[in-house]
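Trainee: I should like to learn how to read pockets, ligand sites and salt bridges in a structure. Could we work through an example together?

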Amino acid sequence: MKNLFSNMTDEQYIEYIRRQKKEFGKSLIILAHHYQNSEIVKLGDVVGDSYKLAVEGNRSEAEFIVFCGVRFMAEGAKILANPNQKVLIPDITAGCPMADMINIDLAQKAYDVLSERSDKKIRPVVYINSYADIKHFCGTLDGSVCASSNAKKIVEYYLNKGESVFFFPDYNLGVNTATLLNIDNETASINKNLQIKGDVSNSKMILWDGYCHVHKTFTVSDIENLKRRYDNIKILVHPECSKATAELSDIIGSTEQIYEAVKNAESGSIMGIGTEGSFVERLSKEFPDKTILHLRDSRCPNMLKITLKKLAHSIQSIIDNQNAGTPYKFEIPEIALYKEGAKKTLNKMIEIVEGGK
Ligand code: SF4
C-alpha cells in the first residue's frame, strides 16, 4: 500500500472517500452489505443484503462498482455488469466458508447420483451465497439462484411444475424453507461423500449439508435465556439459523427483512436478534428507542476484512489507473468460463421474484 495512506486516521480516510465520491459523481457507486461496520455502511450509496445489492448493482450504470462485502457478492455484481463496468472489492480474500462447501464437480456428482434415484426432474436451486462455478452449473440445468428473502418463492416455482429441488449449499435455509412450504417431511439430504439420508424418490427437496458458522452458533438456550429475562421480547432469526431456533422465533427473515421489522417495530419494543453481530450492533445504535439484543454476539470475520483504509485504496487504484495506466489492484477478474450460466441463473431469480410483483 502507498505511503500516502499509511498514517491516516479513520476520520481522514472517511474525508478522502467522501471527497472522491463527489469527484467521481455518478461514475462510482459503493455497495455496502448490512454486515459491514457502521463507518463503511455510512459511505455506501446502497446498503442492503445480498439480494438487494445484486438487484441494485444490476440497475446501476456507474462505470466503477466498489463492493463492500464478501467475494461471492462482488463476483455476482461482475456477472451481471455490462462489459464496460469495473467491479472492485477492497479485499479479495474476503471469502465465505459456506460458499466453499461445494464446487461444480461435487454439485455435478451429487446431481447425477440423485437423478438416478428419482423419477421426477430434479432442478438445482443455489443460494446466492455461492461462487460463479456452481451458479453456472445451475444455469446449464435451467435452475435458479435464490436469496434468503425469496427461497420459498423460488422453490415453490419449481415444485408447482411437478419437479423436485436439489438445494445447496445451506442446509438450514433449505430446511427452514421446506418448513415454510409445509414439506419438511418430504426432504432428503446429501453430503460431500455423496451419502444420502432419506428417500430421494419421494422427496420434494434434497438438501446439501453446508452451513454458515456465524448463524449456526445460535442455540435454543440463547433464546430461552433472553425470554426468561424479558417477558415481552420478540425473537428474530435469519433462516441460516437452525430449525430448532427458527421454531422458537417470532420472525424468520433475511437481513433486509430483519432490518425492516426493527425499523417498523413500536418504540419501546424489545427484540432479540440471531444474525451477524456487527449488524445487530448497528441496529441498536440506529434505533435507540428500541432495545435490540444479540442472541449471542457472532461476527463474520470475512465481512470485517473490509476496512476504511482498504476502501480508500480501492478508490485510489481507480485514480492511479486513470492517471498512470496502472492495473486496478482490487478488480474482480472476468469470469469468462462460468459467466453465461451464472448470469442466466441470477437473471432467472430476478425474473421469478420481480416478475411476480
Ligand atoms: S455471514 Fe456466513 S454466509 Fe455470510 S459471508 Fe459470513 S460466513 Fe458466509
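Trainee: Which residues line the second largest pocket?

Mentor: Rolling a probe the size of a water molecule over the atoms shows where empty space is left. Here the second largest pocket is lined by Y171, T187, A188, S189, I190, N191, Q195, I196, K197, G198, L207 and D209. On a 1 Å grid over the protein atoms alone, a pocket is an open set of points where a 1.4 Å probe fits, with protein on both sides within 12 Å along at least five of seven lines; a cavity is a set from which the probe cannot get out, and lining residues have an atom within 4 Å of a point. The model is a predicted one, in which local features need pLDDT of at least 70 and side-chain atom pairs count only at pLDDT 80 or more, whereas totals for chains, interfaces and linings use all residues. Residues are numbered from 1 along each chain as its sequence is written, and side-chain values use heavy atoms, with hydrogens and water left out.

Trainee: What is the volume of this second largest pocket, and which strand gives the largest share of its lining?

Mentor: Its volume is about 200 Å³, that is, the space filled by probe spheres set on grid points joined across faces, edges and corners. β8 (187-190) contributes the largest share, four residues, and β9 (196-197) supplies at least two. Such strands (E, at least two residues) and helices (H or I, at least four) are DSSP runs, numbered from the N terminus.

Trainee: Where does the largest pocket lie?

Mentor: It lies between domain 1 (3-95 + 303-334) and domain 3 (218-294), because both give residues to its lining; the domain bounds come from an automatic or database assignment. The space in this pocket is about 240 Å³. Among its 13 lining residues, V41, V47, Y259, R282 and E286 are the closest to the centre. Two or more lining residues come from each of α2 (38-43), α12 (255-264) and α13 (277-286), with α2 giving the largest share, four.

Trainee: Which residues surround the ligand?

Mentor: They are Y35, V70, C96, P97, N129, C212, H213, V214, E240 and C300, each with a heavy atom within 4 Å of the ligand. The ligand sits in the largest cavity, with more than half of its atoms within 2 Å of the grid points.

Trainee: How many salt bridges are there?

Mentor: Side chains of opposite charge can pair when their charged atoms come close. The structure holds 21 salt bridges, each a side-chain nitrogen of Lys or Arg within 4 Å of a carboxyl oxygen of Asp or Glu. One of them joins D222 to R296, with the closest N and O atoms 2.8 Å apart. This pair links distant parts of the chain, 74 residues apart: D222 belongs to helix α10 (residues 220-229), and R296 to the loop between β14 (291-294) and α14 (308-324).
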